Amino acid sequence: MAVLFAQEGANVAILDIDDAGGRETEAAIGGQSVFLRTDVSDASSVDGAIRAVLGRFGRIDVLCNHAGTIIVKPFLDTIEAEWDRLMAINVKGMFLMTKAVLPSMLAAGGGVIVAILAAAAVVAGIVIVADEDDNADSN
């Protein structure tokens, strides 16, 4: 998804806890991207990453929330710590990312927040930002 946005001319910030995957995506996109190791379940990690994105690109026009994890075992074998981790990433992560991005979107007059909730979503949130010259209304 990040590569497709970049192909359309967007600057892209990849926020992921997976260093290897995040750097691989950054390399595939090239100069109009930045990878920031981010734990979406931790408010200070999210806030720091969003400050860095705004510092680099100036604004955030699109937030694509699709951080996710799954538990692959029988429900009755799932322990509370595993359930807590799943909820922290899949639910709390979306809340924290949206809360961190929304003030800058409102100040800029708007933006788009996409939430993808799927059992197959096992990568971290991606923040997509438009070029400073782009008019968000024309996309």
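## Valine 112, on the edge of cover

Let's start with valine 112, which counts as partly exposed because its relative accessibility is 44%, and partly exposed covers the range between 20% and 50%. Valine 112 sits in strand E4, made of residues 112-115. Keep in mind that everything here comes from a predicted model.

Who does valine 112 touch? Setting aside residues within four places in sequence, its contacts are Asp61, Val62, Leu63 and Met105. The chain has also folded back here: isoleucine 60 is 52 residues away from valine 112 along the chain, yet their C-alpha atoms are separated by 9.0 Å.

## The overall layout

Now for the whole protein chain, which has four helices and five strands. Walk along the sequence and you meet them in the pattern α-β-α-β-α-β-α-β-β.

There are 139 residues in the protein chain, and 39% of them count as buried. The chain exposes about 7,700 Å², with carbon and sulfur atoms supplying 57% of that area. Take the contacts between residues at least 6 apart in sequence: 64% of them join residues at least 24 apart.

## Strands E1 and E2

E1 and E2 run side by side in the parallel sense, paired over five bridges. One of the matches is leucine 15 with leucine 36, its bridge partner in E2. To get from E1 to E2, the chain passes through helix H2 (residues 19-29), making a right-handed β-α-β crossover.

Why is E2 described as largely enclosed by the rest of the structure? It's because four of its five residues are buried.

Just past E2 comes threonine 38, in the loop between strand E2 (33-37) and helix H3 (43-57). Its relative accessibility is 0%, so threonine 38 counts as buried. Beyond the residues up to four places away in sequence, threonine 38 touches Leu15, Asp16, Ile17, Ser45, Val46 and Ala49.

## Two nonpolar cores

The largest nonpolar core holds 19 residues, and Leu15, Val46, Ile50, Val53 and Met97 have the most contacts inside it. Strand E1 (11-16), E2, H3 and helix H4 (80-107) each give two or more residues to this core. H4 makes the largest contribution, with six residues.

There's also a second, separate core of six residues, including Ala2, Ala6, Val12 and Ile14.

## A buried histidine in a loop

Is histidine 66 buried or exposed? Its relative accessibility is 9%, so histidine 66 counts as buried. You'll find histidine 66 in the loop between strand E3 (62-65) and H4. Alanine 115 is 49 residues from histidine 66 in sequence, but the two are 6.2 Å apart in space, going from C-alpha to C-alpha.

## Salt bridges

How many salt bridges are there? The count comes to three. One joins aspartate 19 to arginine 37, with the closest N and O atoms 3.5 Å apart. This pair links distant parts of the chain, since aspartate 19 is in helix H2 and arginine 37 is in strand E2, 18 residues apart. Aspartate 19 counts as partly exposed because its relative accessibility is 35%.

Another salt bridge brings together the side chains of aspartate 61 and arginine 59, at 2.7 Å from N to O. Both of those residues, aspartate 61 and arginine 59, are buried. Then there's lysine 73 with glutamate 82, whose side chains meet at 2.9 Å, N to O. Lysine 73 is partly exposed, with a relative accessible area of 35%, and glutamate 82 counts as partly exposed at 26% relative accessibility.

Conventions: Residues numbered from 1 in each chain as written. Predicted model: local features only at pLDDT ≥ 70, side-chain atom pairs only at ≥ 80, totals over all residues. Heavy atoms only, no water. Buried < 20%, exposed > 50% of the residue type's maximum accessible area, 1.4 Å probe, protein only. Contact = heavy atoms within 4.5 Å. Areas by Shrake-Rupley, 256 points an atom, 1.4 Å probe, with all protein chains shown as cover. Core = buried A, V, L, I, M, F, W, Y, C linked by side-chain atoms within 4.5 Å. Pairing = 2+ DSSP bridges. Right-handed = clockwise from strand over helix to strand, strands pointing away. Salt bridge = Lys/Arg side-chain N within 4 Å of Asp/Glu carboxyl O.
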